[in-house]
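Here is a short guided tour to read alongside the sequence and the 3D view. Keep the structure open and turn it as you go.

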Amino acid sequence: MQPVILEKGDVAMLLELNHLSKVYAGGKKAVDDFNLQVEKGEFICFIGTSGSGKTTVMRMLNRMLDQTEGTVKINGTDIATMDPVKLRRKIGYVIQNIGLMPHMTIRDNITLVPKLLKWPVEKRNERAKEMIKLVELPEEFLDRYPAELSGGQQQRIGVVRALAADQDIILMDEPFGALDPITRESLQDLVKDLQERLGKTIIFVTHDMDEALTLATRIVIMTEGRQVQVDTPDNILRHPANQFVADLIGQERLIQARPSITTVGQVATKAVSAPEERTLKEALAEMHTKRVDTLLVTDQTGHLKGFVNLERLNEYYGSGKTLGDIMDPKVFYVKENSIIRDTVDRILKRGYQNVPVIDQAGKLVGIVTRATLVDMVYDALWGDADKETSGGDAK
């Protein structure tokens, strides 16, 4: 891949890596002529075999390693001219073992970099409250210590700590590699949601192709220190550059890519929902009429707030409470512009029968059913064979 040359009048890239190389003592070349331009708001995933150079590239971005050749520029400034300590305070960093300071409270962990940047105490405290709210943890956790939180909760704090100083670039080096699949998927959802909402630019190293396909706006595939392919997840799935890329993706994912251009919003159907101020008697009547056992709950403007199932409604029936009082706010949803490839795997693995679909603003637009997604997979896998065996000339 050749570096992009910016013409006069073009918008400068947030991050530019030009002809970057790293040679260790003894002549081992870990990175070989690496070129990449990253715009603000992109989510870039580096993936490759062990020793491919992906982590080495990341560590050169904040000068934890110095390159042998080439340049790294942030907003047009060569980082070689910047103080390394000040540079690192401008770039968020999340590693696999989180790195929370065990002797510091969650509040102090979150505001560690803002404190180094000499933010006033009041501003730091407000930032800590904002950050812990983003990850849906109670404010009283701010005065606890890391050991008092679960592993998943600590990981959430590690994510927002990287966002607390409002840095434009966040580096993440296999942050979820040691987690169980459910916790890992939950944190992937969190990171993607925060990245989109806050407009952050994330450089993410992973060894998990599913993770890269789910999170990235562009994927950088590497081997032996060189880029093999740099493209969107869809283009990589549909047009692998060579056999190495195809093998890294795997045959199953290549098959699943066949329906990937369809978005969730295109196959969503009407959802059964009710506003949060609805009484339980009214809600039960609605569920009975629509013959459903779960009701999605929205606010007055149609934003998804949670859900109530028949069992929970029966538990509180006659209590005088509203749907908003008894709903479960922890509802798994997908966005309407998500591609089917990403959604199929998540819904099938979690066992959901249907999942709410929201727009970018969080408004409920419908549901996508497990049956619909399964049918699409079957059509992709065996549609042509069915046509051949059904007697195409039948009248």
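This is a predicted model, and its average pLDDT over the chain is 83, with 86% of the residues scoring at least 70. Two stretches call for caution. Over residues 1–11 the pLDDT stays under 50, and the model has 14 contacts beyond four places in sequence for them. Residues 383–395 also stay under 50, and for these the model has three such contacts.

**The nonpolar cores**

The largest nonpolar core holds 42 residues, and the members that touch the most others are Ile110, Ile157, Met172, Phe204 and Ile219. Take methionine 172 as a starting point: leaving out residues up to four places away in sequence, its contacts are Met58, Val94, Val159, Val191, Ile202, Ile203, Phe204 and Val205. There is also a second, separate core of 27 residues, with Ile44, Ile79, Ile91 and Met222 among them.

**Two helices to look at**

Met58, one of the contacts of methionine 172, is a buried residue of helix H1. H1 covers residues 54–61, and six of its eight residues are buried, so the helix is largely enclosed by the rest of the structure. Those six are Lys54, Thr56, Val57, Met58, Met60 and Leu61. After H1 comes arginine 63, which has a positive phi near 65°.

Val191, another contact of methionine 172, is one of the buried residues of helix H7. The others listed as buried there include Arg184, Glu185, Lys192 and Asp193 as well as Leu187, Leu190 and Leu194. Does the length of H7 agree with what its residue count leads you to expect, and what are the two values? At 1.5 Å a residue, its 18 residues should span 26 Å, and the end C-alpha atoms lie 25 Å apart, which agrees. Just after H7, glycine 199 has a positive phi of about 70°.

Glutamine 195 deserves a click of its own. This residue lies in H7, which runs over residues 181–198. Is glutamine 195 buried or exposed? Its relative accessibility is 4%, and buried means under 20%, so glutamine 195 counts as buried. Beyond its neighbours within four places in sequence, glutamine 195 is in contact with Gly41, Glu42, Phe43, Lys200 and Ile202. Ile202 also appears among the contacts of methionine 172.

**Two open sheets**

Strands S11, S12 and S13 form an open sheet in that order, with mixed pairing. S11 and S13 stand at the edges with a single partner strand each, so one side of each is left without a neighbour in the sheet. From one strand to the next, the twist averages 35°. Helix H13 (residues 280–290) packs on this sheet and touches S11, S12 and S13, its direction making about 125° with that of S12.

Another open sheet of three strands has the order S14-S15-S16, and its pairing is mixed too. Here S14 (334–335) and S16 (364–369) are the edge strands, each pairing on one side only.

Each sheet has a parallel pair that you can find from these bridges:

| Strand pair | Sense | Bridges | Residues standing opposite |
|---|---|---|---|
| S11 and S12 | parallel | three | alanine 274 and valine 297 |
| S14 and S15 | parallel | two | lysine 335 and isoleucine 358 |

To place these pairs along the chain, S12 spans residues 294–298 and S15 spans residues 354–358.

Definitions and conventions
Residues numbered from 1 in each chain as written. Predicted model: local features only at pLDDT ≥ 70, side-chain atom pairs only at ≥ 80, totals over all residues. Heavy atoms only, no water. Pairing = 2+ DSSP bridges. Helix = DSSP H or I, 4+ residues; strand = E, 2+ residues; numbered from the N terminus. Axes fitted to C-alpha atoms, helices over the stretch in contact; angles between N-to-C directions. Contact = heavy atoms within 4.5 Å. Buried < 20%, exposed > 50% of the residue type's maximum accessible area, 1.4 Å probe, protein only. pLDDT = per-residue confidence, 0-100. Core = buried A, V, L, I, M, F, W, Y, C linked by side-chain atoms within 4.5 Å. Expected span 1.5 Å × (residues − 1).
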